[in-house]
Amino acid sequence: MTIREQLEELIGGALASAVEDGSLALEEIPAAALERPRDESNGDWASTVALRCSKLAKRSPRDIAQIIVDHIPENTLVKSVEIAGPGFINVRLSDAVLQTVVASVRSQRFGYGRGSHPEAGRVNLEYVSANPTGPLHVGHGRWAVLGDSIARVMRHAGYDVYEEFYINDQGVQMNVFGNSVSVRYMQLLGHDVELPEQSYGGAYVTDIAQSILDADGNKWESASEEERMLAFREIAYKQMVDLNRETLSNFGTTFDCWFSERSLYVADESGKSSIDKALEAMDAKGFVYKSDGAVWFRSSAFGDEKDRVLIKENGEYTYFMSDMAYHHNKLGRGFDHLIDLWGADHHGYIKRCEAMLAAWGHPGALEVLLGQLVNLFRNGESVRMSKRTGEMITFSELIDEVGTDAARYTMLSRSSDQPIDFDIEVVKKQDSSNPVYYVQYAHARICSVLRKAASSDDVAALEAGTLALDELAEKVVGPNVDLSVLTHESELALMRRMDDFPELIDLAARDRAPFRLTHYAQDLASLFHQFYTNCHIIGEDQRVMRARLALSDAARTVLALTFSLMGVSAPEKM
């Protein structure tokens with residue numbers, strides 16, 4: 001139970017006692033519902049329960065607040081209580097209860113803040129999902145870190161999350177891609193052919209054609225255009241999927257499943273494809289009809305602005321038909337909640353997809369998150385083209401230049417519905433003006449403190465990899481550490497912020513808001529730097545030194561855990 005939960009229970013119990021002994025007349029007892037005061041000078045927590053009881057009890061909020069305070073029993077949680085304004089109950093925590101945070105973090109380590117949400121069922125989180133017709137761009141990179149961090153945070157909060165990449169490998173764009181490679185191949189062989197207007201013209205297409213030429217020589221020169229296109233389409237498709245897998249893996253993003261759109265059109269042992277099954281399921285619900293030679297979904301029955309075509313007059317399936325089959329397939333695989341992360345330009349597509357889930361009897365099962373793009377800059381100047389290729393900068397190029405940690409942290413620094421201004425030169429700076437450097441330096445500084453407090457043999461074992469950092473910390477802190485000496489305001493502030501972590505994780509998971517982790521990491525790093533400046537550690541009295549080493553170790557653990565949920569490394573030296 002968190003400190004907040006204990007405090008809510010204490011105040012709730014006081015209110016219940018007041019009702020029980022007749023001090024207050026209430027038929028229903030509202031929750032204490034604590035919140036952080038805007039002004040820290042007002043205390044650690046505040047409750048508005050007295051204001052909410054006023055009409056029900058027919059008493060002034062301040063009178064009710066006083067009655068509640070008078071019924072709070074002796075406890076180790078509260079240092080002081082103040083009634084403020086119209087009836088706020090402001091509580092300042094005891095030093096002793098804040099000190100328990102240090103022990104809690106150090107005993108739980110990376111289990112600190114872990115929650116449980118079995119009621120949410122199985123969650124399918126789909127993100128990135130790029131066409132396999134080119135390398136990932138910087139926008140894909142942002143969606144990769146958003147999706148990956150959302151999954152990490154939700155898992156830590158206790159959700160059952162399954163990560164999925166949807167490969168858009170069905171449709172005209174795949175033939176266009178294959179034909180583009182075919183034309184480049186013929187050009188490399190000296191043929192005077194031009195790329196058609198509808199084609200992929202990036203340098204990577206020529207690179208693929210060259211790889212085929214290197215492997216097969218002129219084997220495909222005499223083949224028909226159709227045969228060559230089909231063969232090159234498959235070769236190029238595999239190369240792009242492999243490249244994108246590698247890029248994302250290097251970025252620390254992996255998936256439980258890479259789902260091929262093509263598979264939706266493949267019949268199973270029953271002779272039916274996922275497309276067939278989805279269409280039959282929707283027809284059985286009574287929301288499919290034919291008009292003007294086309295097959296339609298009656299999405300307007302569920303709030304969409306108009307009905308949507310599933311099969312065109314010429315018999316071709318629409319993209320929406322594929323999406324319908326894909327989401328029906330997800331439900332068939334036992335997922336209870338579907339989260340899709342899309343680019344902001346797909347905003348108009350949300351209502352029709354929500355409609356199809358509602359038509360199947362799963363209203364609210366689909367949740368769509370929109371990710372805004374990334375604006376690249378270099379020293380304040382907009383950057384659109386790669387110096388190497390003269391084309392759009394790929395995500396892989398950006399990672400190579402700034403590194404995974406800097407890219408991840410910067411792309412997470414704002415809410416997904418806000419664009420990111422990413423200045424390459426600023427992100428590369430190795431000083432406190434760079435947020436990722438600043439927070440990582442706090443972790444490295446703590447590691448340095450622990451090494452200084454350790455024996456030379458233990459430091460040597462740490463360097464050799466035979467002793468883990470957690471084990472080193474246990475040795476320098478020692479058993480039965482007395483945390484009661486941690487009473488300096490810098491120490492208390494650091495402990496308060498660590499106490500916020502469990503609630504931060506729960507809310508960030510609920511709101512799919514991993515950007516809050518970057519703000520938290522900066523706050524925690526800043527508070528540690530202040531503590532380090534104000535409170536001497538090494539060389540102090542043994543009792544004080546051990547307690548401050550324990551506090552430093554707890555801060556290190558929470559920082560490292562926060563980094564891990566962002567997919568950012570926690571360096572021990574910088």
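This passage describes the overall make-up of a predicted protein model and the aromatic contacts found in it. Because the model is predicted, local features were accepted only at pLDDT of at least 70 and side-chain atom pairs only at pLDDT 80 or more, whereas totals for chains, interfaces and linings use all residues. Residues are numbered from 1 along each chain as its sequence is written, and side-chain values rest on heavy atoms, with hydrogens and water left out.

The protein chain contains 21 helices and 15 strands, assigned as DSSP runs numbered from the N terminus (helices: H or I, at least four residues; strands: E, at least two). Its C-alpha trace spans about 90 × 65 × 45 Å along the principal axes. Of the 574 residues, 52% are buried, a term that denotes under 20% relative accessible area, with exposed set at over 50% and partly exposed in between (1.4 Å probe, protein chains only). Contacts (heavy atoms within 4.5 Å) between residues at least 6 apart in sequence join residues at least 24 apart in 70% of cases. The accessible surface of the protein chain, computed by the Shrake-Rupley method with a 1.4 Å probe, comes to about 26,000 Å², and carbon and sulfur atoms account for 48% of this area.

With Lys and Arg counted as positive and Asp and Glu as negative, and with His and the chain ends not counted, the protein chain carries 58 positive and 85 negative side chains. The centres of these two sets lie 2 Å apart, each charge being placed at NZ of Lys, CZ of Arg, CG of Asp or CD of Glu.

A search of the whole structure yielded 24 aromatic pairs, defined by rings of Phe, Tyr and Trp (its six-membered ring) with centres within 6.5 Å, and classed as stacked for planes under 30 degrees apart, edge-to-face for over 60 and tilted for the rest. Among them is the edge-to-face pair of Phe320 and Tyr349, with 6.1 Å from centre to centre and 85° between the planes. Phe320 belongs to helix H10 (residues 319–332) and Tyr349 to the loop between strand E11 (337–343) and helix H11 (350–359), so this pair ties together parts that are 29 residues apart in sequence. Phe320 is buried at 4% relative accessibility, and Tyr349 is buried at 17%. Tyr349 also pairs with Trp342, and because the ring centres are 6.2 Å apart with the planes at 65°, this pair is likewise edge-to-face; Trp342 too is buried.

Elsewhere, Tyr127, Phe165, Phe255 and Trp258 form one aromatic cluster. Charges over rings (NZ of Lys or CZ of Arg within 6 Å of the ring centre and within 35 degrees of the ring normal) include Arg36, which lies over the face of Trp45 at 3.8 Å from the ring centre, and Arg512, which lies over the face of Tyr159 at 5.9 Å from the ring centre.
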